[in-house]
Every structure is written in C-alpha cells, then in structure tokens.
Amino acid sequence: MPKPRDFTGLATQAAGAANEGFLGGISIDGASGSENRFVIDGVDTTHPQDGVSGQNMVTDFVEEVQVKSAGYAAEYGGSVGGVISAVTKSGTNEFKGWVGLYYGDSGWNGDERITPYESAPGNYRQFDKDDTTTMEPGFAIGGPIAQDAAWFYAGYTYTATAAERAEIAD
C-alpha cells in the first residue's frame, strides 16, 4: 500500500478520518484538524498554537498508528476530535535493520495546471514546471543489548532536494 512519509498521513486510512484542507488538516468524525490530539509513545505532541501535529515522525520508524475517534480513555481527555497515537519501533532479541532510499523526480508528475491571476480571475497563465529531484536515504538497526533485558533501536534519515527554477518570461 502506498504510504506517506509522515505518520499522520496514515491516519487518513482510518474510518471517519480524512485530510480536509478547509478544516485545518485531518478531520476525524467531522471535527476540525485543530481539535485532534497527537501522541507519540505516550507523549502529547500536539502543537499548542494551532492544534496540529507538533512533531513529524517518518513512517519508517513507526511500528503502529492508532486513530481513536470516540470512547477513548480519560488519559486522552481534552480532545474534541480524535486521537492519533503512534508507537515507535524498538529493538528485539534479534538484530534487524534496513537501508533504503526514496527518490522522487518532478518528471514523474503530470503537467502544471493553469493558474488564475488573483487580480483578474478571468485571466490564466501556464507557468513553466520547475525541475525538482528529491532523495531521502536512510537506515535503521535494532537488537539486543542484554538478551531478554535491554534492547536498542537507532535510525537516521534526511531529505536532500535539488530544484532548478524555470525562468519566467513575460
């Protein structure tokens, strides 16, 4: 299944959840995006100013995402909308890991759509497409420190984007 790069995008796969731009993000059972609560490993990461997720977490480091929409425990109180909870991966008694690369190129996308002028909505302009390349290399490894007692999990990823802006000719 195609997945987004941030765990909050997985929440839109749950029943009653949708990404609604006019409602400020993820709408759960009709509530606006700012009425949700975001929790990672039991820590509330909801942004205090606008109520959206205050912490990005790449899905490669997430073990589980839960979307609670009604009847959730009192520990999640204060949320009128839903609760989006993520649990990060952890080490086990076996060594496991991954190495990967996400690659994207603007040449794989469709053509740009015409854009109306804000000052004269009846006039449109077709802007040239910018050439953009995105690479996201990463790795993770986990395993035992002491068998059946202590484990570790560590990972790293970053995003490198190269863009060539098309010149605007009048």
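## Strands and their pairing

Two strands count as paired here if DSSP finds at least two bridges between them. Strands themselves are DSSP runs of E with at least two residues, while helices are runs of H or I with at least four residues, and both are numbered from the N terminus.

Please keep in mind that this is a predicted model, in which local features need pLDDT of at least 70, side-chain atom pairs count only at pLDDT 80 or more, and totals for chains, interfaces and linings use all residues. Residues are numbered from 1 along each chain as its sequence is written, and side-chain values use heavy atoms, with hydrogens and water left out.

## The chain as a whole

The protein chain holds one helix and twelve strands. Along the sequence the helix comes ahead of the strands, in the pattern α-β-β-β-β-β-β-β-β-β-β-β-β.

Of its 170 residues, 26% are buried, meaning under 20% relative accessible area; exposed means over 50%, and partly exposed lies in between (1.4 Å probe, protein chains only). About 11200 Å² of the chain is exposed, and carbon and sulfur atoms supply 52% of that area; the areas come from the Shrake-Rupley method with a 1.4 Å probe, and for residues only the protein chains shown count as cover. Among contacts (heavy atoms within 4.5 Å) with a separation of 6 or more, 57% link residues 24 or more positions apart.

## A hairpin: S1 and S2

Strand S1 (residues 17-20) runs antiparallel to strand S2 (residues 25-28), and four bridges join them. One of the bridge pairs sets Ala17 against Ile28 in S2. The two strands make a hairpin with four residues between them, and Gly24 in the turn has a positive phi of about 80°.

## A four-stranded open sheet

Next comes an open sheet of mixed pairing, with its four strands in the order S4-S3-S6-S5. Strand S4 (43-44) and strand S5 (62-68) are the edges, each pairing on one side only. Strand S3 (residues 37-40) is antiparallel to S4, with two bridges, and parallel to strand S6 (residues 83-88), with four bridges. S5 and S6 are antiparallel and share six bridges, with Lys68 standing opposite Val83 in S6.

Val39 is a handy residue to find on screen: Asp44 in S4 stands opposite Val39, and Ser85 is the bridge partner of Val39 in S6. In a regular strand, side chains alternate between the two faces of the sheet.

## The salt bridge at Asp44

How many salt bridges does a search of the whole structure find? There is one, where the term asks for a side-chain nitrogen of Lys or Arg within 4 Å of a carboxyl oxygen of Asp or Glu. Arg37 and Asp44 form it, and their closest N and O atoms are 3.3 Å apart. Asp44 is partly exposed, at 42% relative accessibility.

## Strand S11: Thr157 and Tyr156

Is Thr157, in strand S11 (residues 150-157), buried or exposed? Thr157 is buried, since its relative accessible area is 19%. Its side chain reaches the backbone oxygen of Pro137 at 3.0 Å. Leaving aside residues up to four places away in sequence, Thr157 touches Arg5, Val58, Phe61, Glu136, Pro137 and Gly138.

Tyr156 also sits in S11 and is partly exposed, with a relative accessible area of 46%. Together with Val99, Phe139 and Tyr158, Tyr156 forms a nonpolar surface patch with about 460 Å² of accessible area. Patches are made of residues with over 30% relative accessible area and no salt bridge; like charges are joined within 9 Å and nonpolar side chains (Val, Leu, Ile, Met, Phe, Trp, Tyr) within 5 Å.

Technical notes
A polar contact is a pair of N or O atoms within 3.5 Å; within protein, one must be able to donate a hydrogen and the other to accept it, and residues adjacent in sequence count only if both atoms are side-chain atoms.
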